[in-house]
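Colleague: I would like to go through this model with you. Can you show it first?

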Amino acid sequence: MPSVLVRALSERARLPLIDETNIDAFLAPAASEPDNAVLFFTGDPSQRPEADDVAVVLPHILQAFQGRLRGAVVLRTAEDKLKARFNVVVMPSLTVTRRDQPVGVLGKIRDWSEYVEKISAWLAPDTPVMVPSGGPKVEITHAGKERAMKAGFWVAPGARMRR
């Protein structure tokens, strides 16, 4: 269940609630709508209280980018199904898309200047879309032994990986 602030955001700002059944329809803009959208992944409000802070900031973001950005709230029941598609790793997150492709993700609460700077850059038509993350890079096999994968090759347990 969303927090009171997230629920109020959706109602007052008239942001649609989206899930895996209607997200593609939302991301396909009507002729008069901008190609770009921001998706709000809230996370569990009891574990992620900063979702309320992001809920307060989101209407201001939509106002600052009025006519260039649409918004929606991802239903909690759909977050696990959609977060990999939109490169969401931490909650809460705002994912900016161009049509159905993510161009950037901002996790947790940020300074206003960072929202403006990053979203402005992501709205540029030549901004490349993000590549799906491909899932976790560490797999726990059993009894605490790890195997890591880097560039498609398995690294032996105990070996060091460089970044």
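What follows is a set of questions and answers on the fold, the core, the helix packing and some backbone details.

Colleague: What kind of model is this, and how are residues numbered?
Modeller: This is a predicted model, in which local features need pLDDT of at least 70, side-chain atom pairs count only at pLDDT 80 or more, and totals for chains, interfaces and linings use all residues. Side-chain values use heavy atoms, with hydrogens and water left out, and residues are numbered from 1 along each chain as its sequence is written.

Colleague: In what order do the elements of the chain run from the N terminus on?
Modeller: Helices (H or I, at least four residues) and strands (E, at least two) are DSSP runs, numbered from the N terminus. The chain has five helices and eight strands. Their order is α-β-α-β-α-β-α-β-β-α-β-β-β.

Colleague: What percentage of the residues of the chain count as buried?
Modeller: Buried means under 20% relative accessible area, exposed over 50%, partly exposed in between (1.4 Å probe, protein chains only). The chain has 163 residues. The buried share is 37%.

Colleague: Which element gives the most to the largest nonpolar core?
Modeller: A nonpolar core is a set of buried Ala, Val, Leu, Ile, Met, Phe, Trp, Tyr and Cys residues joined through side-chain atoms within 4.5 Å. The largest has 22 residues, and Phe-40, Leu-58, Ile-61, Leu-69 and Ile-119 have the most contacts inside it. At least two residues each come from α1 (4-12), β2 (36-41), α3 (50-64), β4 (93-98), β5 (101-107) and α5 (112-122). With six residues, the top contributor is α3.

Colleague: How many residues are in the second, separate core?
Modeller: Its members include Ile-23, Phe-26, Phe-41 and Ala-78. The count for this second core is 14 residues.

Colleague: Which residues of α3 make the contact with α1?
Modeller: Contact means heavy atoms within 4.5 Å. On the α1 side, Leu-5, Val-6 and Leu-9 take part. The α3 side consists of Ala-51, Asp-52, Ala-55, Val-56, Leu-58 and Pro-59.

Colleague: Are α1 and α3 roughly parallel or roughly antiparallel?
Modeller: Axes are lines fitted to C-alpha atoms, for helices over the stretch in contact, and angles run from 0 to 180 degrees between N-to-C directions. Angles under 35 degrees count as roughly parallel, over 145 as roughly antiparallel, 65 to 115 as roughly perpendicular and the rest as oblique. α1 and α3 pack at about 20°, with axes 8 Å apart. The two helices are therefore roughly parallel.

Colleague: How do the residues of the contact of α1 with α3 divide?
Modeller: Ala, Val, Leu, Ile, Met, Phe, Trp, Tyr, Cys and Pro count as nonpolar, Asp, Glu, Lys and Arg as charged, and the others, Gly among them, as polar. On that basis the contact has eight nonpolar, no polar and one charged.

Colleague: Which residues of α1 are buried?
Modeller: Their cover includes β1 (17-18), β2, α3 and β3 (70-74). The buried residues are Val-6, Ala-8, Leu-9 and Ser-10.

Colleague: Which residues of α5 make the contact with α3?
Modeller: The axes of α3 and α5 come within 11 Å and cross at roughly 45°. That makes α3 oblique to α5. From α3 come Val-54, Val-57, His-60, Ile-61 and Ala-64. From α5 come Trp-112, Tyr-115 and Ile-119.

Colleague: Is Arg-14 buried or exposed?
Modeller: Arg-14 lies in the loop between α1 and β1. Its phi is near 55°, a positive value in a residue other than glycine. With a relative accessible area of 75%, Arg-14 is exposed.

Colleague: What is phi of Lys-108?
Modeller: Lys-108 sits in the loop between β5 and α5. At 39% relative accessibility, Lys-108 counts as partly exposed. Its phi is positive, near 65°.

Colleague: Which residues does a cis peptide bond join?
Modeller: Omega of this bond is about -5°. One partner, Pro-92, lies in the loop between α4 (76-82) and β4. The bond joins Met-91 and Pro-92.
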